[in-house]
Amino acid sequence: MPSFYCPELSGASRQRVLTGGELHHLANVMRQKPGDEINLNSGKGWLGKGRIISINRSEAVVDIIEIIFHPVPGPAFAIAFSLLRGKHDELLVEKVTELGAADLFPILTEHSVRHVSANTLSKFQAAALAAIKQCDNPWLPMIHPITELEQAIGLISQSGYEPILASEQLPGQRLDSLAAGKCYCFLIGPEGGFSPKEFQLMKELGIIEVSISENILRAETAAIAAAAQFSLLRKQ
């Protein structure tokens, strides 16, 4: 059943209205009609099922049939990632959102090969939104401003996460050695890896290094692997 983003959805909802991009997606892409049932996702924990009552050029009116609140899974985890070329960072955002990342921290590093454009953040937000609709993840991740590494580490800590370096240096410590019950943010380097200066900065800040594979992974693969491993571990 197709799913649509409705941030106004709440436990008190009896009827909701879709406009803008969601209306276009419903009427012109998915070709939904009055009487069809659809899923609604608030991105804030509420998932609902509704029936379309009417559609016109400006709005679609949906009666709410069922609505359920899903608490935030805990402990939360986040991904900090360098901007990547060829839309690989958008793929990264999509997949770690599907796996339940609560926060995303785009970072600029010495070896970053992609520059920030006016719509970089909006593309990440669109990728995350499409992902929660695709997999019915009721929590849309917070995508933070793009910052340089040292500033990002400070923001990560202020947001309640312990930064953890997913290191291409393949340290012996694995992700499952981390203390249970804590919120972690996994730092993922760019295509060329973190620079010696950046490794030294993280060492001085006492950031723990973990290995998430026996091999050196592409940046987007490393992020997906870290998210998948932590998602599994937090359920044990």
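Helices (H or I, at least four residues) and strands (E, at least two) are DSSP runs, numbered from the N terminus. With those names in hand, here are some close-ups of this predicted model.

**View A. A cis peptide bond leads into Pro75.** Pro75 sits in the loop that runs between β5 (60–69) and β6. The bond to look for joins Gly74 to Pro75, and its omega is near -5°.

**View B. The largest nonpolar core has 31 residues.** To find your way around this core, start from the residues with the most contacts inside it: Ile79, Phe81, Val96, Leu104, Phe186, Ile188 and Ile212. At least two core residues come from each of β6 (77–82), α2 (88–98), α3 (120–135), β10 (162–166), β11 (184–188) and α6 (219–233). Helix α6 supplies the largest share, with seven residues. Another core, of 18 residues, lies apart from this one, and its members include Ala78, Phe105, Phe199 and Ile207.

**View C. Phe81 and its surroundings are shown with the ring of Phe124.** Phe81 has a relative accessibility of 0%, so this residue counts as buried. Beyond the residues up to four places away in sequence, Phe81 touches Asp89, Leu92, Val93, Leu104, Phe105, Pro106, Ile107, Phe124 and Ile188. A search of the whole structure finds nine aromatic pairs. In one of them, Phe81 meets Phe124 edge-to-face, with 5.4 Å from centre to centre and 75° between the planes. The two partners are 43 residues apart, Phe81 in strand β6 and Phe124 in helix α3, and their pair links distant parts of the chain. Phe124 also has a relative accessible area of 0% and is therefore buried.

**View D. Phe194 and Phe199 form an edge-to-face pair.** Their ring centres are 6.1 Å apart and the planes make an angle of 85°. Both of these residues, Phe194 and Phe199, are buried. For a further group of rings, turn to Phe77, Tyr184, Phe186 and Phe230, which ring pairs link into a cluster.

**View E. Helices α2 and α3 pack against each other at about 35°.** Their axes are 8 Å apart, and the crossing is right-handed. On the α2 side, the contact is made by Asp89, Glu90, Val93, Glu94, Thr97 and Glu98. Helix α3 answers with Lys123, Phe124, Ala127, Ala128, Ala131, Ile132 and Cys135. Sorted by class, the contact has seven nonpolar, one polar and five charged residues.

**View F. Lys49 is a residue of strand β4 (residues 46–55).** Buried means under 20% relative accessible area and exposed over 50%; at 28%, Lys49 therefore counts as partly exposed. Leaving aside neighbours within four places in sequence, the contacts of Lys49 are Met1, Glu37, Ile38, Asn39, Asp63, Ile64, Ile65 and Glu66. You can also look for Ser3, whose C-alpha is 8.9 Å from that of Lys49, although 46 residues separate the two in sequence.

**View G. Arg31 and Lys87 have positive phi values.** Arg31, a residue other than glycine, has a phi near 55°. You will find Arg31 in the loop between α1 (20–29) and β3 (37–41), where this residue is exposed, with a relative accessible area of 57%. Lys87 is not a glycine either, and its phi is about 65°. The loop holding Lys87 runs between β6 and α2. Lys87 counts as exposed, at 57% relative accessibility.

Note on methods. Residues are numbered from 1 along each chain as its sequence is written. This is a predicted model: local features need pLDDT of at least 70, side-chain atom pairs count only at pLDDT 80 or more; totals for chains, interfaces and linings use all residues. Side-chain values use heavy atoms; hydrogens and water are left out. A nonpolar core is a set of buried Ala, Val, Leu, Ile, Met, Phe, Trp, Tyr and Cys residues joined through side-chain atoms within 4.5 Å. Buried means under 20% relative accessible area, exposed over 50%, partly exposed in between (1.4 Å probe, protein chains only). Contact means heavy atoms within 4.5 Å. Rings of Phe, Tyr and Trp (its six-membered ring) pair if their centres lie within 6.5 Å; planes under 30 degrees apart count as stacked, over 60 as edge-to-face and the rest as tilted. Axes are lines fitted to C-alpha atoms, for helices over the stretch in contact, and angles run from 0 to 180 degrees between N-to-C directions. A crossing is left-handed if the near helix is turned anticlockwise from the far one by less than a right angle, and right-handed if clockwise. Ala, Val, Leu, Ile, Met, Phe, Trp, Tyr, Cys and Pro count as nonpolar, Asp, Glu, Lys and Arg as charged, and the others, Gly among them, as polar.
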